[in-house]
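Here are a few notes to read alongside the structure. I hope they help you find your way around.

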Amino acid sequence: MMQKSVAVVGAAETTKMGKIPDVSVIGLHADAALNAMADAGLKPTDIDGVACAGISPVELAQYLGITPTYADGTSVGGCSFMLHVRHAAAAINAGLCTTVLITHGESGRSRVGAGGFGRAPSSLMGQFEMPYGVTAPPTMFTIPVLRYMKTYGVTEEDLANVAVIQREWAAKNPRASYRDPITIDDVLNSDMIAWPFRKLMCCLVTDGGGALILTSAERAKDFPQKPVYVLGTGESVETPLVSQMEDFTTSKAFRVSGKKAFDEAGISHADVDHLMIYDAFAHLPLYGLEDLGFCKPGEAKDFINGRNTAIGGKLPLNTNGGGLSYMHSGMYGMYALQESVRQMRGIAPAQVDGAKISVCHGVGGMFAASGTVIFTNEA
Amino acid sequence: MPPRILPEPTPETQHFWDGTRNGELLLQRCKETGEAYFPPRPFAPKTGSRNVEVFKASGRATLYSYVINHRPRPDMGTEPYAIAVVQLEEGPRMMTNIVGCPQTPEALVLDMPLEVVFEKMSDTITLPFFQPAKG
């Protein structure tokens, strides 16, 4: 895509986050959408492109009263919204539409108007993974990790420290679900979920949503908020079955998506001021730092333990507290994007002073898919 | 305990489940490159060739990675159990359970040699599990 040709002009999360038993899934999409439209000074009839995952863009358009000329129902898990941003940028550049609304809403905790989690017994997962007792992501996303730990000498303490440092960031965010400090011992003494994963190495389960509005950079100047430009994007998919990942110590989807985004953006790693890596579990920032090229294979643990990603470090990472402490309704990618936009607008609760480039990297499924968006606030 | 969640074969995978019922672990390979692959499909990934064949695997494997699920799925009983991925001798990996040994980190050591065993779960479905290799 063309660098900085498209910008985020509206961004918002749902009015409430965490536990929202009085709003259904589609209601969360709509609440976030209305907040983002208010942020951008738009109404539904100003929108001509829609994208969402979890529900169909048909449902979203009809519910809000939008008549789109562009609809994207890409649904590849929690990074779907990174792909939506990428596709929206291409669509706007191609003249398919002018103004795209991307929404997420999920009643992950309260399950109001939400479907179930499960796979048809005739699907590949139903035939070749479900029979062996996998449940939700805690027993699937985690399976590669022992191989990664053995290959690079990563310890349970290293995994725990990822959660500890992200909690430090969460403490600065009034909307974070968990804000009290934790220690490595706290993490290692929390309930065992799926060895070697303890409860505090796993993401939250919450209700919430978020929405973004994108338009051309040319039009973006006329909107009330400071435009946040899309500098580069990437996406890829690898496998619907975690057991069939090519290599358990690295995600091919991460590597392909990340490289594409950096190539498009024309930046080096040293140019990055702020980083979001979707952290459904504590190992994901380790894989992400290595697969995006910020660290060599096996060196992410030392990078994190050296407090490079912590407050005051050279590469602030997951500054909202991440899925481990901020919020995680099921498809967290939207919240990572929201934090990147806040950082580029200069309004984040844990603002990185002078940040000009933010990399936002998402995962979908259990290492199944990936999307990367690189933002800048410089026109 | 609810009945165990079992696979529902499709036309493309039926031979695999017929194989396990007969005590055989069947893989497929591309007849042009010789490369084995899994899960079953009527063509070779990457090359896209339909010129493939089914063959019987040795059943020998090593332990590639796993977790021990401490929140058992209701149909899996009440005790923690390992969900493992094994590296088959022929190249592909598959998810399975490790049987015939304690479900503990001490007993389940990465790269330990394993061998396939078959357990009948219903009239139509026999699941392939792996146990520590004997001899």
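How many salt bridges does the rule find across the interface of chain A and chain B? Please keep in mind while reading that this is a predicted model.

1. **Salt bridges and polar contacts.** The rule finds three salt bridges across the interface of chain A and chain B. One to look up pairs B:Lys46 with A:Glu246, where the closest N and O atoms are 3.9 Å apart. With a cut-off of 4 Å, that distance counts because the rule asks for a side-chain nitrogen of Lys or Arg within 4 Å of a carboxyl oxygen of Asp or Glu. Across this interface there are also 20 residue pairs in polar contact, both residues being at pLDDT 80 or more.

2. **What chain A brings to the interface.** On the side of chain A that touches chain B, the elements giving two or more residues are helix H4 (124–128), helix H5 (145–152) and strand E5 (192–195). Sorted by class, this side has 19 nonpolar, nine polar and six charged residues.

3. **Extent of the contact.** In this model, 34 residues of chain A are in contact with 39 residues of chain B. Between them the two chains bury about 3,100 Å², and 60% of that is on carbon and sulfur atoms. On the side of chain A, the residues that lose the most area to chain B are A:Phe128, A:Tyr132 and A:Trp195, which together make up 25% of what that side buries.

4. **Strand pairing between the chains.** Do take a look at E5 of chain A, which pairs with strand E4 (residues 60–69) of chain B in the antiparallel sense, over two bridges. Within this pairing, A:Ala194 stands opposite B:Asn69.

5. **The end of E5 in chain A.** Just here there is a backbone detail to check: the peptide bond from A:Trp195 to A:Pro196 is cis, with omega near 10°. A:Pro196 lies in the loop between E5 and strand E6 (197–198) of chain A. As background, most peptide bonds are trans.

6. **Chain A overall.** Chain A has 13 helices and eleven strands. Its radius of gyration is 19 Å, close to the 21 Å that the globule rule gives for 379 residues, so chain A is as compact as a globular protein of that length. The C-alpha trace of chain A spans about 55 × 45 × 35 Å along its principal axes.

7. **Chain B overall.** One helix and eight strands make up the secondary structure of chain B, and from the N terminus the helix is followed by the strands. The radius of gyration of chain B is 16 Å, which agrees with the value near 14 Å for a compact globule of 135 residues. Its C-alpha trace spans about 45 × 30 × 25 Å along the principal axes.

8. **A sheet in chain B.** Three strands of chain B form an open antiparallel sheet in the order E2-E1-E3. Strand E2 (36–37) and strand E3 (52–56) are at the edges with a single partner strand each, so one side of each has no neighbour in the sheet. Five bridges join strand E1 (residues 26–30) to E3 of chain B, and B:Leu26 stands opposite B:Lys56 there. In the loop between E2 and E3 you will find B:Pro39, joined to B:Phe38 by a cis peptide bond with omega about -5°.

9. **A positive phi in chain A.** A:Lys4, a residue other than glycine, has a positive phi, near 55°. Its place is in the segment before strand E1 (6–13) of chain A.

Technical notes
Residues are numbered from 1 along each chain as its sequence is written. Chains are lettered from A and ligands numbered from 1 in the order in which they are written. This is a predicted model: local features need pLDDT of at least 70, side-chain atom pairs count only at pLDDT 80 or more; totals for chains, interfaces and linings use all residues. Side-chain values use heavy atoms; hydrogens and water are left out. Contact means heavy atoms within 4.5 Å. Buried area is the accessible area (1.4 Å probe) that two parts lose on being put together, summed over both. A polar contact is a pair of N or O atoms within 3.5 Å; within protein, one must be able to donate a hydrogen and the other to accept it, and residues adjacent in sequence count only if both atoms are side-chain atoms. Helices (H or I, at least four residues) and strands (E, at least two) are DSSP runs, numbered from the N terminus. Ala, Val, Leu, Ile, Met, Phe, Trp, Tyr, Cys and Pro count as nonpolar, Asp, Glu, Lys and Arg as charged, and the others, Gly among them, as polar. Two strands pair if DSSP finds at least two bridges between them. The radius of gyration is taken over C-alpha atoms; the globule rule is 2.2 Å times the number of residues to the power 0.38.
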